[in-house]
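Biologist: I'd like to learn how to read a model like this one, feature by feature. Could you walk me through it?

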Amino acid sequence: LALGPSGASHVHGTRFKNLPHLGEWERAIDAGHLPAADVETLDAPARAAERVMLGLRLREGVDLASIRDSLGIDLLQTHADTIARLSDLGLLALGRDRLRLTPRGVELGDAVAGEFLRS
């Protein structure tokens, strides 16, 4: 949750950016309105893909159980072909319900994450 002009937030699948101009932001607050622009609500598959994209940037990788429990999406089923192909290419490693980039995968991390955003 971000506060103030131009702050960007992501709350329960909805992301938005606050109005950038201080005066507009203040007027919205004074009127009791959310000072948001560019509001977007993500469905469960889009939220899962975003969590993969962000999780692959972390050393601990993507917690597949967390995505399954919170969003009801089993990435091992819904993205089985993508995971198998990227693993066969030596870009992903799967273990203990976590998906991580390999050292080679780190070099191509954005392209690997993009595969989950497209599928």
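Biologist: Let's start with charge. How far apart are the mean positions of the positive and negative charges of the protein chain?

Modeller: One word first: this is a predicted model. As for the charges, there are 14 positive and 17 negative ones, and their mean positions sit 5 Å apart.

Biologist: Okay. And what about the surface, how much area does the protein chain expose, and what share of it do carbon and sulfur atoms supply?

Modeller: About 7500 Å² is exposed, with 54% of that supplied by carbon and sulfur atoms. On the inside, 36% of the 119 residues count as buried.

Biologist: Now the fold. How many helices and strands are there?

Modeller: Seven helices and six strands. Read from the N terminus, the order is β-β-α-β-α-β-α-α-α-β-β-α-α. The radius of gyration is 18 Å, well over the 14 Å that the globule rule gives for 119 residues, so the protein chain is more spread out than a compact globule. The C-alpha trace fits that picture, spanning about 55 × 30 × 20 Å along its principal axes.

Biologist: What share of the contacts comes from residues 24 or more positions apart?

Modeller: That share is 39%, counting contacts with a separation of 6 or more.

Biologist: On to sheets. How should I read strand pairing, and in which order do the strands of the open sheet come?

Modeller: The general idea: strands of a sheet pair through backbone hydrogen bonds, either parallel or antiparallel. Here three strands make an open sheet in the order 4-6-5, with antiparallel pairing. Strand 4 (62–63) and strand 5 (92–95) are at the edges with a single partner strand each, so one side of each has no neighbour in the sheet.

Biologist: How many bridges hold strand 6 to strand 5, and which residues pair up?

Modeller: Strand 5 and strand 6 (residues 98–101) are joined by four bridges, in the antiparallel sense. Leu94 has Leu99 of strand 6 as a bridge partner, and Ala93 has Arg100. From the other side, strand 4 joins strand 6 through two bridges, also antiparallel. There, Val62 is bridged to Leu99, the residue that also partners Leu94.

Biologist: What connects strand 5 to strand 6?

Modeller: The two strands form a hairpin with two residues between them, and Arg96 in the turn has a positive phi of about 50°. Asp97 belongs to that loop as well. Its phi is positive too, about 60°, although Asp97 is not a glycine. With a relative accessible area of 27%, Asp97 counts as partly exposed, because that value falls between the 20% and 50% cut-offs.

Biologist: Which residues of strand 6 are on the covered face, and which on the uncovered one?

Modeller: In a regular strand the side chains alternate between the two faces of the sheet. In strand 6, the covered face has Leu99 and Leu101, while Arg98 and Arg100 make up the uncovered one.

Biologist: There's another strand pair earlier in the chain. How many bridges join strand 2 to strand 3?

Modeller: Four, and the two strands run antiparallel, with strand 2 covering residues 14–18. One of the pairs is Arg15 with Glu40 of strand 3.

Biologist: Is strand 3 buried or in the open?

Modeller: Strand 3 (residues 36–41) has six residues and the number buried is zero, so this strand lies largely in the open. Take Asp38, which lies in strand 3. Asp38 is exposed, at 63% relative accessible area. Its phi is positive, about 55°, although Asp38 is not a glycine.

Biologist: And helix 1, which of its residues are buried?

Modeller: Helix 1 (residues 22–30) buries Gly23, Trp25 and Ala28. Strand 2 is among the elements that cover them. After helix 1 comes Gly32, with a positive phi near 80°.

Biologist: Last one, the start of the chain. Where is Ala2, and what does it touch?

Modeller: Ala2 is in the segment before strand 1 (8–11). Leaving out residues up to four places away in sequence, Ala2 touches Gly7, Ala8, Ser9 and Asn18. Ala2 is at 19% relative accessible area, and it counts as buried because the cut-off is under 20%.

Terms used
Residues numbered from 1 in each chain as written. Predicted model: local features only at pLDDT ≥ 70, side-chain atom pairs only at ≥ 80, totals over all residues. Heavy atoms only, no water. Buried < 20%, exposed > 50% of the residue type's maximum accessible area, 1.4 Å probe, protein only. Contact = heavy atoms within 4.5 Å. Rg over C-alpha atoms; globule rule 2.2 N^0.38 Å. Areas by Shrake-Rupley, 256 points an atom, 1.4 Å probe, with all protein chains shown as cover. Lys, Arg positive; Asp, Glu negative; His and termini not counted. Charge placed at Lys NZ, Arg CZ, Asp CG, Glu CD. Pairing = 2+ DSSP bridges.
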